[in-house]
Amino acid sequence: MKLVDFTQVENIFIVCGKTDMRRQIDGLAATITEEYDMNIYDDALFLFCGGKKDRFKALYWEGDGFLLLYKRLENGKLNWPRNQNEVQKLTTQQLRWLLEGLSVNQKVSIKPAVKGSIA
């Protein structure tokens with residue numbers, strides 16, 4: 001058994017809109033495969049949020065079984081995209097923003113500099 005380092009996961013997907021948080025592994029996996037026609041066994045982390053935006057679930061296939069994480073925030077809410085019937089691919093930076101309560105689509109951020117260029 002191993003626990004995954006989510007910064008090394010190839011794909012991070014957020015299921016936008018509201019998900020029934022009573023769903024467990026099989027129900028969440030069915031959502032991914034049946035509603036979005038995606039392969040649940042790819043190296044991918046799938047994120048789900050309920051209506052309150054203070055809790056989320058993460059589903060990941062580790063090769064020998066599914067890992068289901070559930071987190072409830074005690075102070076604050078997630079800035080979860082509510083575009084129903086949509087899955088967005090996130091970068092690790094966007095995941096970090098989301099978990100810090102920020103929007104996954106930051107309008108302003110400092111971009112990395114190009115080596116050898118001086119402004």
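**The cores, the surface and the charges of one protein chain**

Good morning. I begin with the interior: the largest nonpolar core has 17 residues, and those touching the most other members are Leu45, Leu47, Trp80, Leu90 and Leu98. Four elements each give two or more residues to this core, namely β1 (11-15), β2 (44-49), β3 (55-61) and α2 (92-99). Apart from this core lies another, of 11 residues, and its members include Val15, Ala29, Ala44 and Leu59. As a general remark, nonpolar side chains in soluble globular proteins tend to be buried together. Please keep in mind throughout that this is a predicted model.

Let me stay with one member of the largest core. Which residues does Trp80 touch, leaving aside those up to four places away in sequence? On that basis, Trp80 touches Ile14, Val15, Cys16 and Gly17. Trp80 also touches Leu47, Phe48, Cys49, Lys53, Phe56 and Leu98.

I now turn to the chain as a whole. Two helices and five strands make up its secondary structure. Read from the N terminus, the order of these elements is β-α-β-β-β-β-α. Along the principal axes, the C-alpha atoms fill a box of roughly 55 × 30 × 25 Å. The chain has 119 residues, and 36% of them count as buried. Consider next the contacts between residues at least 6 apart in sequence: 59% of these join residues at least 24 apart. As for the outside, the accessible surface comes to about 7900 Å², and carbon and sulfur atoms account for 50% of that area.

Leu99 offers an example from the second helix. This residue lies in helix α2. Is Leu99 buried, partly exposed or exposed? Its relative accessibility is 40%, and Leu99 therefore counts as partly exposed, the limits of that class being 20% and 50%. Not counting residues up to four places away in sequence, Leu99 touches Phe56 and Leu78. Phe56 also appeared among the residues that Trp80 touches. By way of distance, Leu99 and Leu69 are 30 residues apart along the chain, and their C-alpha atoms are separated by 14 Å.

My last topic is charge. The chain carries 17 positive and 15 negative side chains. The centres of these two sets lie 10 Å apart.

How many salt bridges does the count give? The count comes to three, and I shall take them in order along the chain.

One of them joins Asp20 and Arg22, with 2.9 Å between the closest N and O atoms. Asp20 is partly exposed, at 34% relative accessibility, whereas Arg22 is exposed, with a relative accessible area of 69%.

Another joins Asp54 and Arg55, where the closest N and O atoms are 2.8 Å apart. Why does Asp54 count as buried? The relative accessible area of Asp54 is 14%, and Asp54 counts as buried because that value is under 20%.

The remaining salt bridge joins Arg72 and Glu74, the closest N and O atoms being 2.7 Å apart. Arg72 is partly exposed, with a relative accessible area of 47%. Glu74 has a relative accessible area of 63% and is therefore exposed, this being over 50%.

To close, let me recall two points. The largest nonpolar core draws two or more residues from each of β1, β2, β3 and α2. Among the charged residues in salt bridges, Asp54 is buried, while Arg22 is exposed. Thank you for your attention.

Methods:
Residues numbered from 1 in each chain as written. Predicted model: local features only at pLDDT ≥ 70, side-chain atom pairs only at ≥ 80, totals over all residues. Heavy atoms only, no water. Buried < 20%, exposed > 50% of the residue type's maximum accessible area, 1.4 Å probe, protein only. Contact = heavy atoms within 4.5 Å. Areas by Shrake-Rupley, 256 points an atom, 1.4 Å probe, with all protein chains shown as cover. Lys, Arg positive; Asp, Glu negative; His and termini not counted. Charge placed at Lys NZ, Arg CZ, Asp CG, Glu CD. Salt bridge = Lys/Arg side-chain N within 4 Å of Asp/Glu carboxyl O. Core = buried A, V, L, I, M, F, W, Y, C linked by side-chain atoms within 4.5 Å.
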